[in-house]
Amino acid sequence: MQDVSATFQQAQIATYNTTNIDELKRTFASGRTKSYEWRVEQLNALTLLIEENSSDIIEALHADLGKCKTEAWLTEIGYSTASITDTVKRLKSWMKPNKISTPMIAQPGKSYTINEPLGVALIIGAWNYPFQLVITPLIAAIAAGNCAVIKPSELSLTTSALLAKLVPKYLDNAAIKVVEGGKDETTELLAQPFDKYFYTGGEQVGRIVMTAAAKHLASVTLELGGKSPCVVDGDTNLDVAIRRIVWGKWMNAGQTCVAPDYVLIEEEYLTDFSQRLIAEIKKQYGKEPSQSKDYGRIINQRHCSRLINYLDGQNVIHGGKHKLDDKFIEPTVVVQPSVDSALMQEEIFGPILPIVTFKSKQKMLDFITSRPKPLAAYVFTSNAKFEADFVEQISAGSVCVNDTSIFMANHDLPFGGVGTSGMGQYHGKAGFDIFSHTKSVMKRSYKFDAPIRYAPFSKLKLMLLKKFS
Ligand code: NAD
């Protein structure tokens, strides 16, 4: 027998989404989201939402990922408010028309570009930074004057529910909506004719989103992941390098899209590096990381099992202990994994760090370039030539020299992948740009109308055209 309640629910979801986007389309058509005042008002309201509810946001992030307060502030709350402050400060200048020179043939005249909003945007977030990954693109969408639907990840369900509760209380309801749900609801949303599709998550769903955008010939941004390599030149300042690697790798229990996925090092430095790495892990998270208030948990048991399976048959030199019911996996170090193993083929996205050795620096670069282009690539070195080779030879979304994820703190650096790690960039002005269409405008004067471009043509006209156009 047909499940009537499921069919009814499905119908409700479909109506709900369709109504939503129709309402948002009407709001956008009214033109009110285009004004500078509306944009700033919404951005300020978003700041208020964050400030007045920061303890609830911290609690939700802790419930979903065991995220500690400092990390919650650094990577989600403070990160989002800093992005708003920066955006509001510079919005007026971003909205100004940009003067462009005009060729002789179109004189007298003037040319300029102006940024106009795309319309109604769909923002789909991932679970690892469940607040920031929908709020930061929303900041960019509002700044550019769009309406938006945000769809937080269903895996981080406490944060998703909190967003669904708070957004309608603070933001313009006819312009900004939250839709909660998983695959079915996202599929419903993707069928709607949005003007912009902005997706953060894995490659496979990225393809689904791109296909959906293609149906409407709409603009699409894909913020994906990949295996971000971390090259360590053993001659560098290893104390600082290791501290920064431990910070970037085990923050959020390794569930960071730009976390160093694996370390590449020359053979001779392996022993020294791994001993000092283990000492630093203990220093930051203690001898019993399960007791550390600063060490997070894996999002769910399914991902926990996926990560534990990676350790099968590997040479684990530190960590490896896990408690499935607590979604806990110790900071774990593996040496010399086979490059064909799942650990070295798939994005780890968890607290396991493999170390792979090479005979020379160039061999490390060749290894990285032989694989799909990563979202981030790291090199720790004091050798200027090697640094230059790395920056020039490695194609990645972002490159960071002598540190790990800290480059994300610079809101002026465009952020996004290349190839399989994504397409399109946001943060700061880049975010404003991807939610805008740069419209070209030329205005001619009636004062003078050179006859050379009009028929009937002559040799003289052609000569003049060649000279002046
Ligand atoms: P996820 O499971 O939360 O999925 C992402 C979104 O896709 C969710 O909102 C989910 O509801 C939706 N979704 C899932 N299946 C779908 C389907 N079949 N059809 C339509 N929508 C669907 O997150 P994930 O995919 O596990 O994310 C992890 C990946 O995201 C990693 O590769 C990571 O590197 C990447 N990531 C990238 C960034 C970045 O900024 N580039 C940030 C965070 C995570």
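Are Tyr 262 and Phe 367 buried or exposed? I started there and found Tyr 262 buried, with Phe 367 buried as well. A reminder to myself: this is a predicted model.

**Aromatic pairs**

I searched the whole structure for aromatic pairs and got 12. I looked up two of them.

Trp 127 and Phe 349 meet edge-to-face, with 5.2 Å centre to centre and 75 degrees between the planes. I then checked where they sit: Trp 127 is in the loop between β3 (120-124) and α5, and Phe 349 is in the loop between α12 (342-345) and β14, so this pair ties together parts 222 residues apart in sequence. Both Trp 127 and Phe 349 are buried.

Back to my opening residues. Tyr 262 and Phe 367 also form an edge-to-face pair, at 6.1 Å centre to centre and 85 degrees between the planes. Tyr 262 belongs to strand β9 and Phe 367 to helix α13, so I noted a link between distant parts of the chain, 105 residues apart.

I also wrote down an aromatic cluster made of Phe 198, Tyr 378, Phe 407, Phe 415, Tyr 426 and Phe 435.

**The sheet and its helices**

Next I traced the sheet around β9. It is open, has seven strands in the order β10-β13-β14-β9-β8-β15-β16, and its pairing is mixed. At the edges I found β10 (315-318) and β16 (398-401), each pairing on one side only. Ignoring direction, neighbouring strands are turned by 25 degrees against each other on average.

I zoomed in on β8 (residues 229-232) and β9 (residues 262-266): they run parallel and are joined by four bridges. Val 231 has Leu 264 in β9 as its bridge partner.

Then the helices. α13 (residues 361-369), home of Phe 367, lies across β8, β9 and β14 and runs at about 150 degrees to β9. α9 (residues 238-250) lies across β8, β13 (332-335), β14 (352-358) and β15 (376-380), at about 135 degrees to β14.

**Nonpolar cores**

Which residues touch the most other members of the largest nonpolar core? I got Leu 138, Phe 273 and Leu 277, in a core of 117 residues. Helix α5 (residues 132-143) gives the most to this core, nine residues. Domain 1 (9-224 + 420-441) and domain 2 (229-416) each supply at least three residues to this core.

Apart from this core I found another, of 16 residues, and Tyr 262 turned up again there, among them also Phe 358, Leu 365 and Ile 368.

Last lookup: leaving aside neighbours within four places in sequence, Leu 138 is in contact with Leu 46, Ile 123, Ala 148, Ile 150, Leu 171 and Ile 176.

Note on methods: Residues are numbered from 1 along each chain as its sequence is written. This is a predicted model: local features need pLDDT of at least 70, side-chain atom pairs count only at pLDDT 80 or more; totals for chains, interfaces and linings use all residues. Side-chain values use heavy atoms; hydrogens and water are left out. A nonpolar core is a set of buried Ala, Val, Leu, Ile, Met, Phe, Trp, Tyr and Cys residues joined through side-chain atoms within 4.5 Å. Buried means under 20% relative accessible area, exposed over 50%, partly exposed in between (1.4 Å probe, protein chains only). Helices (H or I, at least four residues) and strands (E, at least two) are DSSP runs, numbered from the N terminus. Domain bounds come from an automatic or database domain assignment. Contact means heavy atoms within 4.5 Å. Two strands pair if DSSP finds at least two bridges between them. Axes are lines fitted to C-alpha atoms, for helices over the stretch in contact, and angles run from 0 to 180 degrees between N-to-C directions. Rings of Phe, Tyr and Trp (its six-membered ring) pair if their centres lie within 6.5 Å; planes under 30 degrees apart count as stacked, over 60 as edge-to-face and the rest as tilted.
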